[in-house]
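Biologist: I would like to learn how to read strands and interfaces. Can we work through an example together?

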There are 4 protein chains.
Amino acid sequence: MELSTAQKALAEQPFSVLLGARLTAFGDGAAVLELDVRPDLLQQNGFLHGGVLSYAADNALTFAAGAAAGPHLLTAGFTIDYLRPARGRVLRARAQVVRAGRSRVVCRCDLLMVDEEGVESLCAVAQGAISTVGGADGA
Amino acid sequence: MELSTAQKALAEQPFSVLLGARLTAFGDGAAVLELDVRPDLLQQNGFLHGGVLSYAADNALTFAAGAAAGPHLLTAGFTIDYLRPARGRVLRARAQVVRAGRSRVVCRCDLLMVDEEGVESLCAVAQGAISTVGGADGA
Amino acid sequence: MELSTAQKALAEQPFSVLLGARLTAFGDGAAVLELDVRPDLLQQNGFLHGGVLSYAADNALTFAAGAAAGPHLLTAGFTIDYLRPARGRVLRARAQVVRAGRSRVVCRCDLLMVDEEGVESLCAVAQGAISTVGGADGA
Amino acid sequence: MELSTAQKALAEQPFSVLLGARLTAFGDGAAVLELDVRPDLLQQNGFLHGGVLSYAADNALTFAAGAAAGPHLLTAGFTIDYLRPARGRVLRARAQVVRAGRSRVVCRCDLLMVDEEGVESLCAVAQGAISTVGGADGA
């Protein structure tokens with residue numbers, strides 16, 4: 001699967017369209033998903049809502065798995081640890097495959113905020129498992 | 001904190017407003033957060049996007065913690081396991097405190113889809129930790 | 001599978017024998033695993049070592065899955081949150097299936113310490129996924 | 001804290017002594033914990049028991065946190081994903097700090113099996129949070 005194909009797959013997710021997510025890299029068991037910070041994605045203190053970070057973790061983990069194991073996947077589950085308040089201009093989620101087994105792909109993800117100068121700051125880390133369909137349950 | 005106060009806190013989260021989330025119960029170390037399924041919250045197969053479920057887990061876990069430990073909290077992190085595709089009319093996230101320590105509150109959450117007849121089906125389960133501010137980092 | 005069969009399976013795990021683990025209940029998608037606190041299972045402050053709790057979570061989760069899905073299973077992964085120092089006479093890990101899918105079983109576990117009077121205190125909670133063999137990787 | 005001090009701390013954990021664990025590196029927010037595979041650490045199929053891997057994850061994560069934040073720590077919780085059956089001569093757990101906040105340190109850990117030729121194979125990955133004592137609960 002190429003970047004353009006993966007981008008088409010992302011565009012078929014209405015929720016990803018609502019959040020303005022875009023794939024900027026895809027391949028070799030890795031994926032980078034980004035979205036611009038907007039006022040309607042914040043929490044009460046002006047930081048990016050944790051739910052936006054967890055959406056990005058979920059989706060980046062699954063696209064990274066797709067870059068290793070093809071398109072027929074279901075996210076089995078993931079863990080996220082928040083590190084600091086998420087402020088900046090862009091959220092960048094970098095995910096990569098740790099191991100692609102026959103029916104289960106395990107990935108890690110770094111969630112970074114990018115400021116006006118392009119400086120990244122790590123705001124959360126995630127780890128998750130994605131099931132290949134045919135041998136899997138999940139969502 | 002009463003339900004109406006918690007509802008006001010939720011209304012101050014622009015991302016929760018974007019998703020149409022509402023608190024329907026709050027108190028005694030528990031919280032119920034709901035949202036109506038809408039076309040723009042789906043993934044490519046017509047199910048509720050996993051990122052909406054993870055948002056609901058994150059927020060319901062934190063409100064449950066708030067029902068035990070007050071409003072000054074930061075979500076430290078959580079784990080979610082998806083169980084089946086999320087289809088239905090309403091997403092209902094029921095969270096409750098497992099233990100409220102001095103600086104860390106651990107909670108569990110059931111994520112249920114409610115169909116047209118009001119029948120619930122369990123679609124995901126989550127477990128997470130929330131830090132009390134003053135002794136904590138997080139987001 | 002009956003309790004006695006499950007107990008035989010536990011007795012075939014040398015590490016479970018080393019730790020003195022025993023199954024006291026098994027069936028209907030649930031399992032209870034116990035072990036007596038011994039000096040060689042402690043950490044530096046005289047509490048049960050977290051690694052003993054995580055062992056018990058891992059094994060109880062997997063036996064609960066086995067009570068729903070049969071013996072051919074591999075633990076995919078789990079999360080544990082520690083709640084308080086583990087002191088007492090016996091560690092009791094109560095696990096139950098949340099959902100048994102075709103290729104993946106999700107379970108939760110409560111880890112309790114039992115004191116001299118038989119009073120339980122909840123010391124950790126866990127959530128995990130177990131893969132059915134034939135459609136799974138893991139350990 | 002130096003390696004020798006950390007080794008002394010490990011030697012004060014009876015459960016770590018029982019398992020034959022040793023620290024082979026410590027410093028700069030990282031720690032390496034190893035143990036030799038022994039017959040009494042196995043599961044029923046001759047692989048290292050998952051509970052040994054989870055013990056090593058728990059302890060390596062916490063020692064890595066100690067290499068950044070000092071000795072007064074409590075493991076808050078962690079997640080482990082198993083990747084493949086653990087066979088080999090030595091288990092090596094490499095953990096490193098992702099972020100050391102004021103009251104919470106988040107770390108990642110790779111769990112590798114080392115064979116007779118010294119070749120490493122990645123068998124599990126973990127991510128966890130450790131609380132600094134004074135502002136924390138846990139075990």
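Biologist: Which residue stands opposite A:Cys109 in E5(A)?

Modeller: A:Ala95 stands there. First, some ground rules. This is a predicted model, where local features need pLDDT of at least 70, side-chain atom pairs count only at pLDDT 80 or more, and totals for chains, interfaces and linings use all residues. Residues are numbered from 1 along each chain as its sequence is written, chains are lettered from A and ligands numbered from 1 in the order in which they are written, and side-chain values use heavy atoms, with hydrogens and water left out.

Biologist: What does a label such as E5 stand for?

Modeller: Helices (H or I, at least four residues) and strands (E, at least two) are DSSP runs, numbered from the N terminus. Strand E5 of chain A covers residues 104-114.

Biologist: How many bridges join strand E4 of chain A to E5(A)?

Modeller: Two strands pair if DSSP finds at least two bridges between them. Here, ten bridges join E4(A), residues 90-100, to E5(A), and the two run antiparallel. They form a hairpin with three residues between them.

Biologist: What lies on the other side of the pairing, with strand E6 of chain A?

Modeller: Eleven bridges join E5(A) to E6(A), residues 120-132, again antiparallel. A:Asp110 has A:Val125 in E6(A) as its bridge partner. E5(A) and E6(A) also form a hairpin, with five residues between them. In that turn, A:Gly118 has a positive phi of about 85 degrees.

Biologist: Is E5(A) mostly covered or mostly open?

Modeller: Buried means under 20% relative accessible area, exposed over 50%, and partly exposed in between (1.4 Å probe, protein chains only). In E5(A), ten of the eleven residues are buried.

Biologist: Now the interface. How many residues of chain A are in contact with chain B?

Modeller: Contact means heavy atoms within 4.5 Å. By that rule, 36 residues of chain A touch 36 residues of chain B.

Biologist: How many salt bridges does the rule find across the interface of chain A and chain B?

Modeller: A salt bridge is a side-chain nitrogen of Lys or Arg within 4 Å of a carboxyl oxygen of Asp or Glu. The rule finds zero across this interface. Helix H2 (14-19), helix H3 (50-69) and strand E3 (73-82) of chain A each supply at least two residues of the side that touches chain B. E3(A) gives the largest share, eight residues.

Biologist: How do E3(A) and strand E3 of chain B pair?

Modeller: They pair in the antiparallel sense over five bridges. A:Asp81 stands opposite B:Gly77 in E3(B).
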